[in-house]
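Please walk me through this structure, with attention to the ligand and what surrounds it.

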Amino acid sequence: MTIEFPIYQMMNENGQLVREGDKERLTDELVREFYYHMVRIRTFDRKAISLQRQGRLGTYAPFEGQEAAQAGSALALGNEDWVFPTYRDHGATLTFGANMARTFLYWNGRVEGCVPEEGKRIFPPAVPIATQLPHAAGAAWAEKRKGTKNAAIAYFGDGATSEGDFHEGMNMASVFKVPAVFFNQNNGFAISVPIEKQMNSETVAQKSVAYGIPGVRVDGNDIFAVYFQTKEALGRARKGEGPTLIEAVTWRYGAHTTADDPTKYRNQSKSDEIRQTRDPLMRLERYMKNEGIWDEGWTTQIQNQITEEVEQAIREVESYPKPKVDDLFDYVFETPTWTIAKQKEEYFQLLGGEA
Amino acid sequence: MALKEEQLSASIKTKNMTLIQAITDGLGTMLEEDERVLLLGEDIGKNGGVFRATEGLQERFGQDRVMDTPLSESGIIGTSVGLAVNGFKPIAEMQFFGFIYPAYEQIMTHVSRLRMRTMGRYTVPMVIRAPYGAGIRAPEIHSDSVEALFTHMPGIKVVCPSSAHDAKGLLIASIEDPDPVLFLEPLKLYRSVRDEVPEGKYMVEIGKGKKVKEGEDVTLIAWGAMVQVAMKAAEQAEKEGITCDVIDLRTLYPIDRDIISESVQRTGRAVIVHEAHETGGVGNDIVSIINDYSFLYMKSPIERIAGFDVPVPFFALEEHYLPTSARVYHAIKKTVNF
Ligand SMILES: Cc1ncc(C[n+]2csc(CCOP(=O)(O)OP(=O)(O)O)c2C)c(N)n1
């Protein structure tokens with residue numbers, strides 16, 4: 001199956017294109033955009049970890065190492081497409097246009113962090129594993145019925161492929177031939193469980209066979225490969241050719257979350273080695289240097305700009321008004337039931353009495 | 001078949017442990033004692049579980065006894081059914097109670113009714129362990145407290161300890177029970193309570209509550225992390241000369257009606273405290289039990305202090321969701337001043 005589903009790569013670890021013809025697809029502008037977004041989300045991610053360590057953020061799920069998979073796939077989307085992320089895909093949602101301050105808020109236990117920007121079709125992060133796949137199938141189905149050219153993308157990890165919802169979502173999407181892309185980030189681990197213990201199939205991509213849809217396996221650290229394969233899948237979706245399963249083979253350097261200790265179950269030296277050889281940002285940097293489009297001044301400038309953007313978002317979050325207790329009660333139904341209304345009234349009486 | 005609580009004599013050695021250590025100890029004791037006992041769940045092996053409840057057990061008993069499974073709750077519970085009918089005693093861990101929903105179908109349609117469906121020919125002697133409850137600033141869904149979804153389904157017992165001693169004793173009783181048991185572990189108490197835990201095998205009887213404080217004026221009934229909230233309110237009330245009987249229910253199905261009746265018939269007042277949502281909560285069954293057995297003894301309406309009828313919120317608001325001792329105290333006063 002690894003032969004039937006070879007890893008699709010456009011750029012090797014030294015930052016060289018593996019096929020001649022690909023050159024003209026890569027304008028300098030596009031390459032810079034890739035680089036910018038990967039630096040941006042990496043900066044966000046590192047900052048979030050450091051804030052968590054200082055007690056200024058709750059438990060956080062890092063993604064460093066997966067920037068090419070997340071930014072590359074998100075950049076392939078159209079503005080009207082739907083995004084169904086997990087708790088780890090804020091790199092993708094930020095690239096797609098999620099608000100940065102709100103993304104921090106999410107990690108501070110604020111429900112406001114789930115509310116997408118006006119006009120952006122981003123679902124709240126799916127915390128129960130694999131539950132977002134059927135949603136993506138449904139939203140895509142709606143687009144199909146409405147006769148638009150829009151699609152939906154669902155993000156999920158390798159562990160998610162063991163859940164029933166993964167299979168149910170893929171099957172529904174394929175039976176109804178909906179414009180969905182199932183974007184898997186295979187980072188080799190679901191918390192402590194390595195992929196060999198998660199499944200007996202050699203690849204995630206081959207699971208597409210069972211559903212009669214195209215499956216592709218891409219080098220998830222090669223942003224060119226991720227971007228163009230996602231574009232292609234979206235193109236098929238928009239033409240009415242149904243869903244695609246993409247397996248982006250990648251690696252996350254850090255812990256599952258800031259509450260976890262990977263050294264208990266994982267050899268971290270492999271992680272360090274991957275950082276030296278396959279890191280998505282370093283690889284793109286090598287490419288840019290090879291192509292003579294590396295510009296020290298420009299990279300310093302965007303890094304400064306991004307640092308300022310992140311700092312600004314943090315200032316915004318830290319001066320955000322305290323959560324309103326009303327929010328606990330007011331969004332459960334359009335009109336609160338008498339039970340909720342009574343509970344709210346009594347609770348506010350008690351709060352008032354105490355104050 | 002009811003299990004007898006073994007008397008703790010002075011000769012039994014005890015050790016001071018946290019609630020989670022008591023659970024690890026109970027699992028170890030039973031893996032040692034009965035080779036049919038198996039542990040399965042996500043990340044329970046090498047990682048020792050995300051809370052370390054199974055820490056060291058795979059090392060001690062091997063990968064055939066303590067098994068990391070794929071990420072598949074329905075698969076974990078469904079295969080446990082097959083293992084249980086075929087001679088094993090599986091103990092399945094749900095990583096968090098809120099992630100039991102994918103397994104709900106297996107529990108509702110098979111775990112709880114296989115005995116009935118086969119007139120006792122097949123039985124499912126398994127335990128489902130699940131950490132639950134709010135108050136630890138966990139992400140969404142991780143803090144759900146939906147025990148009532150399971151007490152409503154006949155065929156499965158529901159147990160919820162609030163001390164280390166009871167955790168180990170009830171866990172062992174659950175493993176020994178011939179029927180399936182849902183074993184709820186209050187996350188908030190995992191490391192915040194410690195008490196003396198006997199070494200080796202002992203059982204705390206399923207279906208029996210425990211009096212954790214004696215009083216005359218009001219009966220407080222709670223379980224899990226809410227026992228401490230009730231205790232705090234009782235201490236506050238005591239300063240004003242109101243004394244409370246505090247009952248830790250320990251088992252939510254079947255409920256110990258005797259301990260409730262004995263107490264409310266003396267006090268004539270009751271306040272039920274649970275962190276799960278009020279509507280359809282286990283508190284309502286307790287109200288019914290009081291109504292059925294002690295109606296004429298009551299001096300005031302029964303009060304319920306529960307989580308609100310809203311999904312357990314993101315953690316920035318969880319302190320407002322969770323019942324506080326202030327709310328319980330307020331309810332105590334209400335019953336007394338009725
Ligand atoms: C239904 C369900 N079960 C268990 C969990 C706990 N949990 C959170 S993340 C995770 C591992 C997920 O692994 P994978 O799908 O590979 O994604 P990754 O976190 O590696 O990105 C588990 C078991 C959950 N969130 N939902």
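A polar contact is a pair of N or O atoms within 3.5 Å. By that cut-off A:Arg88 makes such a contact, because one of its polar side-chain atoms lies 2.6 Å from an oxygen atom of the ligand. The model in which this is seen is predicted.

The ligand is located between chains A and B, and polar contacts reach it from each of these two chains. On the side of chain B, an N or O atom in the side chain of B:Glu73 is 2.5 Å from a nitrogen atom of the ligand. In chain A, A:Ala160 takes part through its backbone, with an N or O atom 3.0 Å from an oxygen atom of the ligand. Of the 580 Å² of accessible area that the ligand has on its own, the protein covers 95%.

The surroundings of the ligand comprise 21 residues, the closest being A:Tyr87, A:Arg88, A:Val127, A:Gly159 and B:Glu73. Sorted by class, this shell holds ten nonpolar, five polar and six charged residues.

For chain A, UniProt gives the feature "domain: Dehydrogenase E1 component" at residues 38–325, in an unreviewed entry. Across residues 38–325 the chain is 47% helix and 11% strand, and the C-alpha atoms at the two ends are 37 Å apart.

In chain B, helix H2 spans residues 57–61 and includes B:Gln58. Is B:Gln58 buried or exposed? B:Gln58 counts as buried because its relative accessibility is 13%, under the 20% limit. Leaving aside residues up to four places away in sequence, B:Gln58 touches B:Gly45, B:Lys46, B:Gln63, B:Val66 and B:Asp68.

Definitions and conventions
Residues numbered from 1 in each chain as written. Chains lettered and ligands numbered in written order. Predicted model: local features only at pLDDT ≥ 70, side-chain atom pairs only at ≥ 80, totals over all residues. Heavy atoms only, no water. Helix = DSSP H or I, 4+ residues; strand = E, 2+ residues; numbered from the N terminus. Buried < 20%, exposed > 50% of the residue type's maximum accessible area, 1.4 Å probe, protein only. Contact = heavy atoms within 4.5 Å. UniProt positions renumbered as here; feature names shortened; annotations may be inferred. Near = heavy atom within 4 Å. Polar contact = N/O pair within 3.5 Å; in protein donor to acceptor, adjacent residues only side chain to side chain. Areas by Shrake-Rupley, 256 points an atom, 1.4 Å probe, with all protein chains shown as cover. Nonpolar A, V, L, I, M, F, W, Y, C, P; charged D, E, K, R; others polar.
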